[in-house]
Every structure is written in structure tokens, then in C-alpha cells.
Amino acid sequence: MRKNHRGNRPESSEPLSAGRVEYLEQARQRQHSRRVRRTAVILAVLVAVVLFATGWVGSSVALVKDGVDTARIALMRGSGWPQQTGVMDPLQVEPLTGGFVELGKEGCVVYSDTGSRLNSIQSGYARPALAAGKNRFVLYNRSGNELRVESRTQNLYTKTLENNIFLCAMSDNGTLAVVTDDVGSMAKLLVYSSDMEQQLSWSLSAENGTPLRMAFASDNRRLAVAAVTASGGQMVTNLYLLDRTQGDPITLASESGVPQWVGWLSGNTILAVYDSRAVLYNVNGAEQASYAFNGMSLRDVSVDTAGNVALLLASGQICQMVTLDKNLNVQSVQTVPTANRAIRSGNLCYLLTETSVECYNAAGEHQWTQTLSARPQALLAGAKQNLVFSGNTVQTVEAPAESGSGS
């Protein structure tokens, strides 16, 4: 017996009811979610296996969590920008692999570069500060003795030290340097591995000084330390090189003034920015190059991943932007609108004024202006997008589209 159909149309072409359409759509979403979860689990297992097989992890479970984080974040597609982070006045904004961490007075938030909120931490610290590596960061209390080591999505360690914390620095592989006060000396510098095992301890004398700036080299092994002490009635900065595999610090230089910034421009050169000049040293302490501020005060300094430098200098109402390459060769000296921050990114420099983001090239030539409704407080420059932080909002900023000419 042949089954009758309505007209010549097959059953599959019959119109579906609204309830049937909703049921099928929910089924498709459930199937998609199962596939995403299954893929995430497979990727996480593969990452862990590869890390263990290549010897990158050893006994450190924390590094496995970094790999799992990367796999999870890759599968999380955010809704894009703008986003309201809830941080009204950011104290620090630091890049992380695939995102950033933003610190406010009450704690910090972590976002992916696609706009997904990955973590939110309410620390309750009186004077919070953070230092970031590639995949993790340390949040610490400068009025207390507690620190938290965080991945991009979860807490890895919470540690309470014997003494109050002055300063922290984190390397790209999770090695942590911590400076605390000390009963028997000016300060104590402790270095921990990525799984929080203590590797080194250095008690600094009054002659050594108190560390105010620290930075790890890209090899995650060497640490540049700028410590301040008093000598002859003046403030003096002692610059040290500490190799955590050797332990004995090497004195690289002594300079009058207070260190404003310290970092590595290459594997063998360290930039120290003082009150009156910027100096480039090699790892033996020899001065390679310098740039004097000629009576102007330093307002900001920025160094990109290639070692290119931007200095923002001020004198009264005059504001000056200086661009330097990684050898401190001058690329441009340009008078610019009054600005609070300078950000160097390759051949471009961004200035944050009270109302706008100004873009210049390394030769000091103005490229564009983007006016904002609230004062820009921080900017993260990336290859794919630039994120500007204003109020409690993060949004992208780019060159305004050129208006086409009419016919």
C-alpha cells in the first residue's frame, strides 16, 4: 500500500511549528556545546601530554594549568568591545597572553582579547599592586605580607610571608622575585620558582640599599635590581645583576638620583631611567649609551617588545616626546600636546591627553587624533587592536576612517 502525501510535496518540506523549530534549535545548541566541551578536554589533555613529554613542566603542576588556560581561552569567543570592567580608576593595566589584567583599588579583573571576562579578584588589600609575566601575575599588598599568584582564570598560590612586601617582579615563565622588609637588614630579596619553591635569598645592607625597581631578563634567569640608598647626603641608585643560578649579585653601576624605570632592551643590555637621564648598560656594567633630559622632568617611559623607547618629558607647559631605538639612538624629539602617558609600539607612539588619544610615528609626525568622552587612563597597543581604558570602560581605538571625496 502506498502512503498518500499532500500534493506532490515530501514530508520534509512541510512547514514546522514554532515549538518544533525551538526544540530543534535547542538540540543543535546542546550538540554544539558538547562538541566544544569535548574539544576543550582533548586540547587540555594534549597540551599537558606535550608539556610533560618535552620536559617543560617537570614537577610543576602550575605550568600545566597555564597550558590548560591557553586551550580554554582559545575556545572562548567574547562579545568584543566595548566592555565595562567595573574598574573606575585603573592603577595598573598589564598585558597577558591572549588578554590583560586591570588593577583597581578593590582588586583586579582579567579579560581575554576578545572581550570575555576570565577572572575577577576582590583582594581587599589596602595598597594593591601587581606584576605580570606572560601567562600569570602576582597580586600583592604593599601594606601587608600576603601575595596571590594567579593564572588567567584561577588562583595558583596564596602565600603569607614573614614580613611586609615592598615590591614584586614576575618573569615570563612564572619565576617570582619578592622584596620584603627585614629585621636584620635594609631589605630581603626572595626568589621563588614557578611552583613557589624558594630558590634564593639575599639580605641587602644599608650600603646596598632598598630595591625600588626589578626586571627579569627574557631567559627568566637573570634579574636586574635597582636599589636606593643615601650617600653623602644624596640619593644614590645601585644597579645589580642577580643570576638565580649563581646567587651572588654583581654591581653594575651607581648613579645619583632615584630609578624611575628599569628593564631589558635585549638579552645583554639593561635600560635604567633615572631622574635626569636614561642610561643603557651591558651585563658587565659598561655604559653603552645615554640620553640626558636637559632640565626637563620625566613624565612617562615606554618600551616595546623590540626594545624601542618613548620618553615623555615636561617643563612647565611644554611637553616633549622623544623616540629612541634599542641602542638609544635618537629617532625624533617633538613638542606635543600636554599628555599624561606615552605608549611605544613599533613605529608608532600613542599619547594620552585629558580628552584624546594622539598617534605619532617614530619620526615624530602626527598621524591621527581620537577624541574620547572620558579621560583615557591606559592603553594597550597590539598587532590586531589597541585597547584604551577610560572610566570603567575598555574600547578599541584606531585611526579614524578617511572620508571619501564626493564626485
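In the predicted model, glutamate 358 touches Cys349, Tyr350, Leu351, Thr353, His366, Trp368 and Thr369, when residues up to four places away in sequence are not counted. Glutamate 358 itself lies in strand 28, which spans residues 356–361. Although this residue is buried, glutamate 358 has no salt bridge, and the nearest side chain of opposite charge, that of arginine 299, is 13 Å away. Polar contacts of the side chain are nevertheless present: one of 2.7 Å joins glutamate 358 to the side chain of serine 356, and another, of 2.9 Å, is made with the side chain of histidine 366.

A second acidic residue, aspartate 300, is placed in strand 22, residues 297–303. Aspartate 300 counts as buried because its relative accessibility is 12%, under the 20% limit. The side chain of aspartate 300 makes a polar contact of 2.9 Å with the side chain of arginine 341, while a polar atom of that aspartate side chain also lies 2.8 Å from the backbone nitrogen of alanine 342. Both arginine 341 and alanine 342 appear among the residues in contact with aspartate 300, which, leaving aside neighbours within four places in sequence, are Ala310, Leu311, Leu312, Asn340, Arg341 and Ala342.

Side chains of opposite charge can pair when their charged atoms come close. The structure holds nine salt bridges. One of these is formed by glutamate 287 and arginine 277, whose closest N and O atoms are 3.1 Å apart. This pair links distant parts of the chain, with glutamate 287 in strand 21 (residues 287–292) and arginine 277 in strand 20 (residues 277–282), 10 residues apart. Glutamate 287 is partly exposed, with a relative accessible area of 42%, whereas arginine 277, at 19% relative accessibility, counts as buried.

A further salt bridge brings together the side chains of arginine 375 and glutamate 354, at 3.9 Å from N to O. Here too the pair links distant parts of the chain, 21 residues apart: arginine 375 is in the loop between strand 29 (366–371) and strand 30 (376–381), and glutamate 354 is in the loop between strand 27 (348–352) and strand 28. Arginine 375 counts as partly exposed at 36% relative accessibility, and glutamate 354 is likewise partly exposed, with a relative accessible area of 48%.

Aspartate 219 forms a salt bridge with arginine 221, the closest N and O atoms being separated by 3.4 Å. Aspartate 219 counts as partly exposed at 29% relative accessibility, and for arginine 221 the value is also 29%, so that arginine 221 is partly exposed as well. These two residues belong to a network of salt bridges in which Asp219, Arg221, Arg222 and Asp243 are linked.

Arg221 and Asp243 also occur in the lining of the largest cavity, together with Val191, Leu200, Phe216, Leu223, Leu242 and Arg244. The volume of this cavity is about 30 Å³, and the structure holds one cavity of 30 Å³ or more.

For the chain as a whole, two helices and 32 strands are found. Of its 407 residues, 48% count as buried. Among contacts between residues at least 6 apart in sequence, 37% join residues at least 24 apart.

Methods. Residues numbered from 1 in each chain as written. Predicted model: local features only at pLDDT ≥ 70, side-chain atom pairs only at ≥ 80, totals over all residues. Heavy atoms only, no water. Helix = DSSP H or I, 4+ residues; strand = E, 2+ residues; numbered from the N terminus. Buried < 20%, exposed > 50% of the residue type's maximum accessible area, 1.4 Å probe, protein only. Lys, Arg positive; Asp, Glu negative; His and termini not counted. Salt bridge = Lys/Arg side-chain N within 4 Å of Asp/Glu carboxyl O. Polar contact = N/O pair within 3.5 Å; in protein donor to acceptor, adjacent residues only side chain to side chain. Contact = heavy atoms within 4.5 Å. 1 Å grid on protein atoms, 1.4 Å probe; cavity = no way out; pocket = protein on both sides within 12 Å on 5 of 7 lines; lining within 4 Å. Points joined across faces, edges and corners; volume = space filled by probe spheres on them.
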